[in-house]
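Please open the structure in your viewer and keep the selection tool handy. We will go from stop to stop, and at each one you will hear what to select and what is there.

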Amino acid sequence: MTVSDAYNKFLRAKQLRGFSPKTIDSYRCFLPPFIRFVGDSIDISTLNTDIALDYIQTLFTRPLADATRATYVRHLKVFLRWLKEKYNVFFDLTEIVIPKTGKKVVHLLSPDEVMKLFSSVSSKIGWIQLRNYAILSLMLDSGLRQGEIVSLLWCNVDYSRKIALVCGKGKKERYIPLGEFSIDCLSKYRQACPFKSEYVFVGRRGEHITGNAVKLFVQKLRKTSGIDFSSHKLRHNFATNYVIDSLERTGQCDVFTLQALMGHESAKTTEVYLHQAAAMVALKNNHSHLDGIMGV
């Protein structure tokens, strides 16, 4: 079997397992360079660990961000594991190491920046502007991903309990909290929207809104507001602020509670927010020992 044939069978297997179109598109983006490197007509039996490592080495000669390079290797490792399990192609997967990426501190939006974001939301169509207010509020106040915004259903929004049921990665459902402001935004938008749909967010003609539409809204808002942010950074802001508020209110924060709210597979992913939030609380409450000595 050629590598090209194996690649197509791999994609089909992932589709049949119910992987999201976004995940499939990700494999279509990050695996073809490896296929071209080894040659699409080469037989999979000739593949080995050294060939895979030679390809990974070429990634370090390209002007790629550390995170992007790591994503290439991560997707390759999934494909190689599948070849090993499905067709007994031998790879020493312990040799396929995901490159380290630098950990950057996520910019926490100030109250003024948050206000500026909302004041920068605009549209000639009134109900569209209200829709965009609601989208922005859910990203900031509940940590929703773009895909979760798109798939949100009205039947899963519970105003009285101030919660909503969302469908996250891997089609895993979870409940998220709704603040009073978000509920107000959703209510005003629903009253003004001229279309009736099972989906919360619709487009100008009443069609189900797409992830690309949300992406374009965020890009436009970044340009008009002058604030460097993304939908994922808004999600980071939700998580970090959640921990900060918990630490200041009770002196502690349960990582597993935040993990459930964020829909993370592993608590290790969630712990990043604990470390950053704890550092920010420490900075906020810091008293300079040297100032005390010097009488400043």
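Start with the largest cavity of this predicted model, which has a volume of about 30 Å³. The structure holds one cavity of 30 Å³ or more. To find the place, select His107, Leu109, Asp228, Phe229, Lys233, Leu234 and Asn237, the residues that line the largest cavity. Try colouring them by type: the lining divides into three nonpolar, two polar and two charged residues. How can such a space be found at all? Rolling a probe the size of a water molecule over the atoms shows where empty space is left.

Next, select helix α6, residues 111–120. Which residues of α6 are buried? They are Leu117, Phe118 and Ser120. Look down the axis of α6: the buried residues fall within an arc of 165 degrees, so they line one face of the helix. Now turn to the other side of α6, where Pro111, Asp112, Met115 and Ser119 are exposed.

What covers the buried residues of α6? Add α7 (126–142), α9 (180–192), α10 (211–225) and α11 (231–250) to your selection, since the cover includes these helices.

For the last stop, switch to the strands. Three of them form an open sheet in the order β1-β2-β3, with antiparallel pairing. Select β1 (157–158) and β3 (173–177): these are the edge strands, and each pairs on one side only. Then add β2, residues 163–167, which pairs with β1 over two bridges in the antiparallel sense. To see a bridge, pick valine 157 and its partner in β2, alanine 164.

How values were computed:
Residues numbered from 1 in each chain as written. Predicted model: local features only at pLDDT ≥ 70, side-chain atom pairs only at ≥ 80, totals over all residues. Heavy atoms only, no water. Buried < 20%, exposed > 50% of the residue type's maximum accessible area, 1.4 Å probe, protein only. Helix = DSSP H or I, 4+ residues; strand = E, 2+ residues; numbered from the N terminus. Arc of directions from axis to C-beta. Contact = heavy atoms within 4.5 Å. Pairing = 2+ DSSP bridges. 1 Å grid on protein atoms, 1.4 Å probe; cavity = no way out; pocket = protein on both sides within 12 Å on 5 of 7 lines; lining within 4 Å. Points joined across faces, edges and corners; volume = space filled by probe spheres on them. Nonpolar A, V, L, I, M, F, W, Y, C, P; charged D, E, K, R; others polar.
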